[in-house]
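User: I'm new to this one and would like to know where the labels come from. Could you take me through them?

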Amino acid sequence: MGDPVEKVRNALVPHLEELEDERVAVVADIDVDGLASAAILGHVLQGLDLDFVLYFSPPANFTEVVSGIAPECDVLIAADLGSTARDAVQDARSEGCRVFIVDHHQVLEDVRPDVFVHDTRLCAAELCYWATLDLHERDLKLLAAYAAFTDYAEEHSRVLDEVLRRYDRRKVYTEASLLDYALVKMDGDDRRELALKLPETAVPELDEVYELAREAMLEEHEVLQRAREVAKCLEEVVAYAIMDDIHPAMTGRVASHVAGVMGTPVGVCVRRGKVSARVVDGEGINVAKAIRRAAEKVGGKGGGHAPAAGGVVPESRVDEFLRLLAGEIKRQIEGRTSDE
Ligand SMILES: [Mn+2]
């Protein structure tokens, strides 16, 4: 596969440099990876003196958000999104919009953007970082490093490596975590404002980040306490909590927490038919694959990364889905054991 950094280095530069009067829209995911991607792309587009707007969308709303934006722009850049959105990309292109995608999610269908910067080994912000490197007027490594950490994309990250040689890891991880929590309490306007500030302003200087992070941490504390009370176990391999009233950004945190508390390799949180799953201990388990197979059997769908994935299933069939999922995980574990 080659070195991912060399593969994407400056890949976006010629495509951005040839833009002049085009209206550019950046659509990024709502987590730190999306925020840092938007911050890096925003910095570059500003430097090129282009007309651009930053938008944020969770993956589940991407198609809808794109259909609203596409008529208003000439170039659409999807960051940390898009790899699984064939129809949205097609629709935008048929509106006369050129589509650039910078993403690290697994490609399951034939998406055909005009420009595709893709590698599953680096987080999207790091792909944005390397793909625009020669256009940076400031050092943006720290932003990409925050995302590599919060997206669990540390293994192949070159920016995180370089940043940790320069700074103590407590600084890097604390700032990344503060952003991660604060984002839970932010709306689209807050995120846009923050993404535009970040290339110029250090996280410790951002009062709003501390205030919102504290609110989110308190909420998480309360949610995890309740999760422990409702958590149940299936086949000794999956722990799950069904919590319909929590903030959507809390589901991944609940999933890993219940697994840790119950001592299972996989944790799941279900919120109104939306599923989040995390592998906490179980090398070789592919929870994205397990979710996809179990969800399809109950008329839902799913996907993501091997250690962290999500899906949507009909609310009336959640119990059935969870049993199927536990069966899939169990099969994966047993398959692996028999290979050894
Ligand atoms: Mn990401």
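**How the labels are earned**

Analyst: Sure, and keep in mind that this is a predicted model. Let's start with an open sheet of 6 strands, ordered E6-E7-E8-E9-E11-E10, with mixed pairing.

User: What makes E6 and E10 edge strands?

Analyst: Strand E6 (232–234) and strand E10 (301–304) each pair on one side only, and that puts them at the edges. From one strand to the next, the twist averages 20 degrees.

User: How do you know that E8 and E9 pair?

Analyst: Pairing takes at least two bridges between two strands. Strand E8 (residues 266–271) and strand E9 (residues 274–279) are joined by 6 bridges, so they qualify as a pair. They run antiparallel, and one spot to look at is Val-270, whose bridge partner in E9 is Val-275.

User: Which helix lies across E8 and E9?

Analyst: That's helix H12 (residues 251–262), which also lies across E6, strand E7 (238–242) and strand E11 (308–312). H12 runs at about 140 degrees to E8.

User: What is the pairing in the sheet with the order E2-E1-E3-E4-E5?

Analyst: Parallel, in an open sheet of 5 strands. Strand E2 (51–56) and strand E5 (115–118) are its edge strands, as each pairs on one side only. Neighbouring strands here are turned by 15 degrees against each other on average, direction ignored.

User: How do you know that E3 and E4 pair?

Analyst: The cut-off is again at least two bridges. Strand E3 (residues 75–79) and strand E4 (residues 98–103) run parallel and have 5 bridges between them, so they count as a pair. Ile-77 stands opposite Phe-100 in E4. Helix H6 (residues 124–131) packs on this sheet, where it touches E3, E4 and E5, and its direction makes about 115 degrees with that of E4.

User: Which residues touch the most other members of the largest nonpolar core?

Analyst: Out of 120 residues in that core, they are Ile-40, Leu-76, Ala-79, Ala-144, Tyr-240, Val-268 and Leu-325. Helix H3 (residues 32–47) gives the most to the core, with 9 residues.

User: Why is this core said to lie between domain 1 and domain 2?

Analyst: Because domain 1 (4–212) and domain 2 (231–339) both give residues to it.

User: What is Ala-79 in contact with?

Analyst: Contact here means C-beta atoms within 7 Å. Leaving aside neighbours within four places in sequence, the contacts of Ala-79 include Val-26, Ala-28, Gly-34, Ser-37, Ala-38 and Leu-41, along with Val-102, Ala-124 and Cys-128.

Conventions
Residues are numbered from 1 along each chain as its sequence is written. This is a predicted model: local features need pLDDT of at least 70, side-chain atom pairs count only at pLDDT 80 or more; totals for chains, interfaces and linings use all residues. Helices (H or I, at least four residues) and strands (E, at least two) are DSSP runs, numbered from the N terminus. Axes are lines fitted to C-alpha atoms, for helices over the stretch in contact, and angles run from 0 to 180 degrees between N-to-C directions. Two residues are in contact if their C-beta atoms, placed from the backbone, lie within 7 Å. A nonpolar core is a set of buried Ala, Val, Leu, Ile, Met, Phe, Trp, Tyr and Cys residues joined through C-beta atoms within 7 Å. A residue is buried if 20 or more other C-beta atoms lie within 10 Å of its own, exposed if 12 or fewer, and partly exposed in between; C-beta atoms are placed from the backbone. Domain bounds come from an automatic or database domain assignment.
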